[in-house]
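Some notes on side-chain packing follow, for checking against the model. They take up ring contacts and then the nonpolar cores.

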Amino acid sequence: MSYDLCQACNLYPPTQPGSWMCDPCRDRLHEHLHAILGSDETPGLAHELDLEVAKLSRKGSHGKTTSPTPALPYNPEASHCLDLIRWKLLAGCALVAGALPPVPNTIPDLGEWLLGHEDKFAMVSGCGPIADDLDQLTRRARRIIDVPPERVYVGTCPCGTRLMAIAGNEYVRCRGCGTSFDAVDSRDALLASVADQWQTVDEIAALLGRKRGTVWNWADRGHLERHPDDARRFRLGDAVKLAERKPAVS
């Protein structure tokens with residue numbers, strides 16, 4: 001059985017039999033779960049929000065440790081966002097398990113459990129609204145902790161300087177000579193010139209301004225053609241088409 005449109009975005013039909021979510025939304029959910037949890041090298045959004053909440057309880061106005069009396073959250077919005085993320089993860093896990101999930105109700109445990117049951121989650125009616133809420137909460141978390149704007153490589157200036165545009169900006173200024181360029185035109189020209197080239201996951205992620213995990217996800221699902229002589233390289237044009245269909249998460 002298949003469904004007309006994805007429950008999360010209401011734009012694309014699910015491609016996998018029995019799924020209630022389209023591939024772009026499933027990729028987005030995967031990306032958000034990793035962003036919330038983080039890794040050994042990069043702290044997750046939940047950790048960063050927790051730091052925002054704990055600031056006043058750890059430091060006073062002069063940087064000295066305060067008394068053990070609980071302080072008000074440094075950022076009430078961060079505290080509220082953490083609570084909402086936890087409840088949405090709990091709802092997602094409960095949807096899959098049919099009851100409260102068999103893990104502690106902490107964000108790391110819930111997130112890891114849901115990551116391990118992504119395929120089952122997408123097969124249960126009601127998954128779309130939860131995935132959409134997690135999408136909105138991830139965006140909100142990034143705004144709260146003031147994540148630096150993502151920069152995308154859009155080409156090279158005639159002076160030889162790499163052009164790095166802020167994602168979503170219409171123009172980019174060369175840091176070498178000060179010349180301004182249309183960011184979209186520059187990026188389109190760059191991608192057109194290398195569409196038939198074979199690139200590594202890291203190179204594709206850098207060119208498209210996407211996370212490595214997202215590109216690997218595309219590759220693992222068979223959406224990217226592999227080089228016949230080097231399975232670690234993929235056709236860039238395939239990734240470009242996927243990126244155009246699935247907007248980057250801001």
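1. A charge counts as sitting over a ring if NZ of Lys or CZ of Arg is within 6 Å of the ring centre and within 35 degrees of the ring normal. Arg 86 meets this over the face of Trp 87, at 5.1 Å from the ring centre.

2. The model is predicted: local features need pLDDT of at least 70, side-chain atom pairs count only at pLDDT 80 or more, and totals for chains, interfaces and linings use all residues. Residues are numbered from 1 along each chain as its sequence is written, and side-chain values use heavy atoms, leaving out hydrogens and water.

3. Rings of Phe, Tyr and Trp (its six-membered ring) pair if their centres lie within 6.5 Å; planes under 30 degrees apart are stacked, over 60 edge-to-face, the rest tilted. The count is 1 aromatic pair. Trp 216 and Phe 234 form this edge-to-face pair, 6.1 Å centre to centre with 85° between the planes. Trp 216 belongs to helix α9 (residues 212-220) and Phe 234 to strand β7 (residues 230-235), 18 residues apart.

4. The largest nonpolar core (buried Ala, Val, Leu, Ile, Met, Phe, Trp, Tyr and Cys joined through side-chain atoms within 4.5 Å; buried means under 20% relative accessible area, exposed over 50%, partly exposed in between, with a 1.4 Å probe and protein chains only) has 37 residues. Met 21, Leu 49, Ile 85, Leu 89 and Phe 121 touch the most other members. Its largest share, 8 residues, comes from α3.

5. Another core, of 19 residues, lies apart from that one and includes Tyr 153, Leu 190, Val 201 and Leu 208.

Notes
Helices (H or I, at least four residues) and strands (E, at least two) are DSSP runs, numbered from the N terminus.
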